[in-house]
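Student: I should like to learn how to read a structural model feature by feature. May we work through one together?

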Amino acid sequence: MKIEVRYYTRSGNTKKLAEAIAKAVGAEAKTVEEPLREDVDILFLGSSVYAYGVDDSIKKFISGIDVTVGKVVNFSTAALIKSTYKQVGKLLAQKGIEQAEEEFYCKGSFGPMHKGKPDEKDCAAAAAFAKKVIS
């Protein structure tokens, strides 16, 4: 099974989760600046909420997918909004790419809010989630 992990982060919150997920599934966490180069069975895609929306880098990455992706598993961090699941799902639907029903979300630190998040416990939960998805 071919698995890839891509993410976008400004503060490093989503990168922490991406690295934990990648380690758990035997992949490498790469930023969305690196396009997919071959067909993928599962793509773990990490994003964050900025001003109530996903960053343009995520939009550009999704619109640029030109390989076959079996399904995308969303993971995200945010200080205020619950997750990026619906926003990412709409973008994927426009490309005809399936989004998995399951997702991983946790709070991310932003200024004084949620200091230290995601923490080790969150990263361990993300890794366990990823292992469950691929099993």
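Student: Is Cys-106 buried or exposed?

Tutor: This is a predicted model, and every statement that follows should be read with that in mind. A residue is called buried when its relative accessible area is under 20%. Cys-106 has a relative accessible area of 7%, so Cys-106 is buried.

Student: How many disulfides are there?

Tutor: The test is one of distance: two cysteine sulfur atoms must lie within 2.5 Å of each other. By this rule there are 0 disulfides. For Cys-106, the nearest cysteine sulfur belongs to Cys-123 and is 7.1 Å away, and Cys-106 is in no disulfide. Cys-123 is likewise in no disulfide, its nearest cysteine sulfur being that of Cys-106.

Student: Is Cys-123 buried or exposed?

Tutor: Cys-123 has a relative accessibility of 16% and therefore counts as buried.

Student: Let us turn to the fold. How many helices and strands does the protein chain have?

Tutor: One begins by counting the elements and then reads their order. The protein chain contains 4 helices and 6 strands. Starting at the N terminus, the order is β-α-β-β-β-α-β-α-β-α. As to overall compactness, the radius of gyration is 13 Å, close to the 14 Å given by the globule rule for 135 residues, so the protein chain is as compact as a globular protein of that length. Along the principal axes, the C-alpha atoms fill a box of roughly 40 × 30 × 25 Å.

Student: What percentage of the residues is buried, and what does the surface consist of?

Tutor: Buried residues account for 51% of the 135 residues. The accessible surface of the protein chain is about 7100 Å², and carbon and sulfur atoms contribute 51% of that surface. For charge, one counts the side chains of each sign and compares the centres of the two sets. Here there are 21 positive and 18 negative side chains, with the two centres 6 Å apart.

Student: Which contacts join residues at least 24 apart in sequence?

Tutor: The answer is given as a share of the contacts. Of those between residues at least 6 apart in sequence, 76% join residues at least 24 apart.

Student: Where does Ala-22 lie, and what is Ala-22 in contact with?

Tutor: For a single residue, one reads its element, its burial and its contacts in turn. Ala-22 lies in helix α1, which spans residues 13–25. Its relative accessibility is 3%, so Ala-22 counts as buried. Apart from neighbours within four places in sequence, Ala-22 is in contact with Val-5, Ala-27, Glu-28 and Ala-29. The C-alpha atom of Ala-22 is 11 Å from that of Leu-43, a residue 21 places away along the chain.

Student: Is Glu-33 buried or exposed?

Tutor: Exposed residues have a relative accessible area over 50%. Glu-33 has 60%, and so Glu-33 is exposed. Glu-33 belongs to the loop between β2 (29–31) and β3 (40–50). Asp-55 is 22 residues from Glu-33 in sequence, and their C-alpha atoms are 12 Å apart.

Student: Which residues is Tyr-50 in contact with, leaving aside its neighbours within four places in sequence?

Tutor: With those neighbours set aside, Tyr-50 is in contact with Tyr-8, Thr-9, Arg-10, Ser-11 and Asp-55. Tyr-50 itself is in strand β3 and, with a relative accessibility of 17%, counts as buried. Although Arg-10 and Tyr-50 are 40 residues apart in sequence, their C-alpha atoms are 9.3 Å apart in space.

Terms used:
Residues numbered from 1 in each chain as written. Predicted model: local features only at pLDDT ≥ 70, side-chain atom pairs only at ≥ 80, totals over all residues. Heavy atoms only, no water. Helix = DSSP H or I, 4+ residues; strand = E, 2+ residues; numbered from the N terminus. Rg over C-alpha atoms; globule rule 2.2 N^0.38 Å. Buried < 20%, exposed > 50% of the residue type's maximum accessible area, 1.4 Å probe, protein only. Contact = heavy atoms within 4.5 Å. Areas by Shrake-Rupley, 256 points an atom, 1.4 Å probe, with all protein chains shown as cover. Lys, Arg positive; Asp, Glu negative; His and termini not counted. Charge placed at Lys NZ, Arg CZ, Asp CG, Glu CD.
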